[in-house]
Amino acid sequence: MKVCNSSAYQQWTLSSGGFLYDQAYPNACLDGSVSQGAKLAQCNVSEYRDWYKVNAEYRNYANPGYCLDGSSSQGVKMVVCNGSKYQQWSAA
């Protein structure tokens, strides 16, 4: 993870179809897997790329009970939802 700088690479949108995509790569969506972490991949109907937001936590349908978790030391990955600050996402 990097310091926020408002670049297109840090501007994410949750589409009405459940895709979480980066403004810099509009045809690539966030793919979240417990075993493989979080990465950009071509948007498709995979449940690993189908996201929803619960309060400030991002979750996908492929990993029930897991949330997108990010820290500068560990990177971004899927971790059991625990309400920690590392799972709270908001717009700046």
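Partly exposed means a relative accessible area between the buried limit, under 20%, and the exposed limit, over 50%. The exercises below use a predicted model.

**Exercise 1.** Is Cys-81 buried, partly exposed or exposed?

Solution.
- Take the relative accessible area of Cys-81: 21%.
- Buried requires under 20%, and exposed requires over 50%.
- Cys-81 is therefore partly exposed.

**Exercise 2.** Describe the disulfide of Cys-81: partner, handedness and placement.

Solution.
- The partner is Cys-67, with an S to S distance of 2.0 Å.
- The torsion about the S-S bond is 100°, and the link is right-handed.
- Cys-67 sits in strand β7 (residues 66-71), while Cys-81 sits in the segment after β8 (75-80). The two are 14 residues apart, and the pair links distant parts of the chain.
- Cys-67 has a relative accessible area of 0% and is buried.

**Exercise 3.** Which cysteine is joined to Cys-29, and which parts of the chain does the pair tie together?

Solution.
- Cys-29 is joined to Cys-43, S to S 1.8 Å.
- Cys-29 belongs to strand β3 and Cys-43 to the loop between β4 and β5, so the bond ties together parts 14 residues apart in sequence.
- The torsion about this S-S bond is about 90°, so the disulfide is right-handed.
- Cys-29 is buried at 0% relative accessible area. Cys-43 is partly exposed at 24%.

**Exercise 4.** Give the disulfide count and pattern, then place Cys-4.

Solution.
- The structure holds 2 disulfides.
- Counting bonded cysteines along the chain, the pattern is 1-2, 3-4.
- Cys-4 takes part in no disulfide. The nearest cysteine sulfur belongs to Cys-67, 19 Å away. The cut-off for a disulfide is 2.5 Å.
- Cys-4 has 66% relative accessibility, so Cys-4 counts as exposed.

**Exercise 5.** How many salt bridges are there? Examine each pair.

Solution.
- The count is 2 salt bridges.
- Start with Asp-31 and Arg-49. The closest N and O atoms are 2.8 Å apart, and the cut-off is 4 Å.
- Asp-31 lies in strand β3 (residues 25-33) and Arg-49 in the loop between β4 (37-42) and β5 (51-54), so this pair ties together parts 18 residues apart in sequence.
- Asp-31 and Arg-49 are both buried.
- Next, Glu-57 pairs with Arg-59. Here the closest N and O atoms are 2.6 Å apart.
- Glu-57 and Arg-59 are also both buried.

Technical notes:
Residues are numbered from 1 along each chain as its sequence is written. This is a predicted model: local features need pLDDT of at least 70, side-chain atom pairs count only at pLDDT 80 or more; totals for chains, interfaces and linings use all residues. Side-chain values use heavy atoms; hydrogens and water are left out. A salt bridge is a side-chain nitrogen of Lys or Arg within 4 Å of a carboxyl oxygen of Asp or Glu. Helices (H or I, at least four residues) and strands (E, at least two) are DSSP runs, numbered from the N terminus. Buried means under 20% relative accessible area, exposed over 50%, partly exposed in between (1.4 Å probe, protein chains only).
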